[in-house]
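Trainee: Please take a close look at the aromatic side chains of this model, and then set them in the context of the fold around them.

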Amino acid sequence: MPPMQIVVIGGTRFVGPKLVKALERAGHTVTVVHRATQRCPYSTHIHDSRANLAKHNLKADVVVDTHAMTEQDAQDLLAADIAPRVVVLSSGDVYRQFDLLLGRETGAPEPTPLTEDAALRTQLYPHRHMAKSESDMPYWYDKILVERAVMQHPGATVLRLPVVYGPGDYQHRFGLWISEMDKHATSISMPEGQDQWRWSRAFVDNAADAIALAATNDKAAGRTYNIAEPDALTDHQWLELFARTIGWHGLVNLAKDVKEAENIHWQYDLTLDSTRIREELGYRERVQRMEALVRTVEWERSQR
């Protein structure tokens, strides 16, 4: 494949740097458009807001938007007319199963793992309850609206990501477990029901590889892909893997009436079927799970 000119919007946090590195490793030239306040590590970058994209008259073979959160974000991206291929990162929260999990809808679980053709949410703005005002991003956040807008472009690709973990995870999804294990806690609490709940995940390097693959393969134009590890473990199984990695021998305490989990309906697994991207684009994980866990533990320890 000949080298390509690629614009990455965002690209300075977590998955972004891994994606840029994967693209550059494959010989492509990358320009990053960002609003990061810290020093940008990229030699070719533009520091500006999304609303000003059009004024820069950027032209490339592909544009990858890592941070389109609202319908307006998607509209600004298309208005800039950067490239014949547009790749946007979406989320597994577009599926109806997500609303069932949160109790915003009731009914029987969707068949899992969820394929790209599974039913989507019928209610918009899944995180609006978290917003303090209409000016807060969660008020207008909805990846369904992002997908609808972007898929009007003939060269669009939508990538639905699961929970991404690993070095750079500013949400520290596994951080508490690792910290408690390092402190030699005798037990770790988990809400009752969560222990058997399954949520698809992907290690950050592997997620970046999948995005780079879809961005540079014309077969992906017009397609939507789930990105996820082929097997979704229960949260109890994830905890056991970290315990084995660290050498922790404590117990799991299943707690009832945990306030932050009281509105979660754990019988609705949020697992994604990634068969399509594997069969159509040949995606495979480069970093195996046990190595991913070791690298996650090392990074979490380095952040204390």
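Mentor: A charge is taken to sit over a ring when NZ of Lys or CZ of Arg is within 6 Å of the ring centre and within 35 degrees of the ring normal. The model is predicted, and Arg128 provides two cases of this arrangement. Its charged end sits over the ring of Tyr125, 4.0 Å from the centre, and Arg128 also lies over the face of Tyr139, at 3.7 Å from that ring centre.

Contacts between rings come next. A pair of aromatic rings is described by the distance of the centres and the angle of the planes. The structure holds 11 aromatic pairs. One of them joins Tyr165 and Phe174, with 5.6 Å from centre to centre and 75° between the planes, an edge-to-face arrangement. Tyr165 counts as buried because its relative accessible area is 1%, and Phe174 is likewise buried because its value is 3%; the cut-off for this class is under 20%. Both rings belong to one aromatic cluster, formed by Tyr165, Phe174, Trp177, Phe203, Trp238 and Phe242.

Trp177 leads from this cluster to helix α6. The helix spans residues 175-182, and its buried residues are Gly175, Trp177, Ile178, Ser179 and Met181. These buried residues pack against β8 (187-191), α8 (235-246) and α10 (289-302). After α6 comes His184, whose phi is positive, near 60°.

The wider fold includes an open sheet of seven strands, with parallel pairing and the order β3-β2-β1-β4-β5-β6-β10. Its edge strands, β3 (45-47) and β10 (224-226), each pair on one side only, and the twist averages 15° from one strand to the next. At the β3 edge, strand β2 (residues 29-34) pairs with β3 in the parallel sense over three bridges, and His34 stands opposite His47 in β3. Helix α7 (residues 204-215) packs on the sheet, where it touches β4 (62-65), β5 (85-91) and β6 (156-161); its direction makes about 150° with that of β5.

Strand β5 also contains Arg85. This arginine counts as buried because its relative accessibility is 5%. A polar atom of its side chain lies 3.2 Å from the backbone oxygen of Asn217. Beyond four places away in sequence, the residues that Arg85 touches include Asp61, Val62, Val63, His153, Gly155 and Thr157, and also Ala214, Ala215, Asp218, Ala220 and Ala221.

Technical notes
Residues numbered from 1 in each chain as written. Predicted model: local features only at pLDDT ≥ 70, side-chain atom pairs only at ≥ 80, totals over all residues. Heavy atoms only, no water. Pairing = 2+ DSSP bridges. Helix = DSSP H or I, 4+ residues; strand = E, 2+ residues; numbered from the N terminus. Axes fitted to C-alpha atoms, helices over the stretch in contact; angles between N-to-C directions. Contact = heavy atoms within 4.5 Å. Buried < 20%, exposed > 50% of the residue type's maximum accessible area, 1.4 Å probe, protein only. Polar contact = N/O pair within 3.5 Å; in protein donor to acceptor, adjacent residues only side chain to side chain. Phe/Tyr/Trp six-rings, centres within 6.5 Å; stacked < 30°, edge-to-face > 60°.
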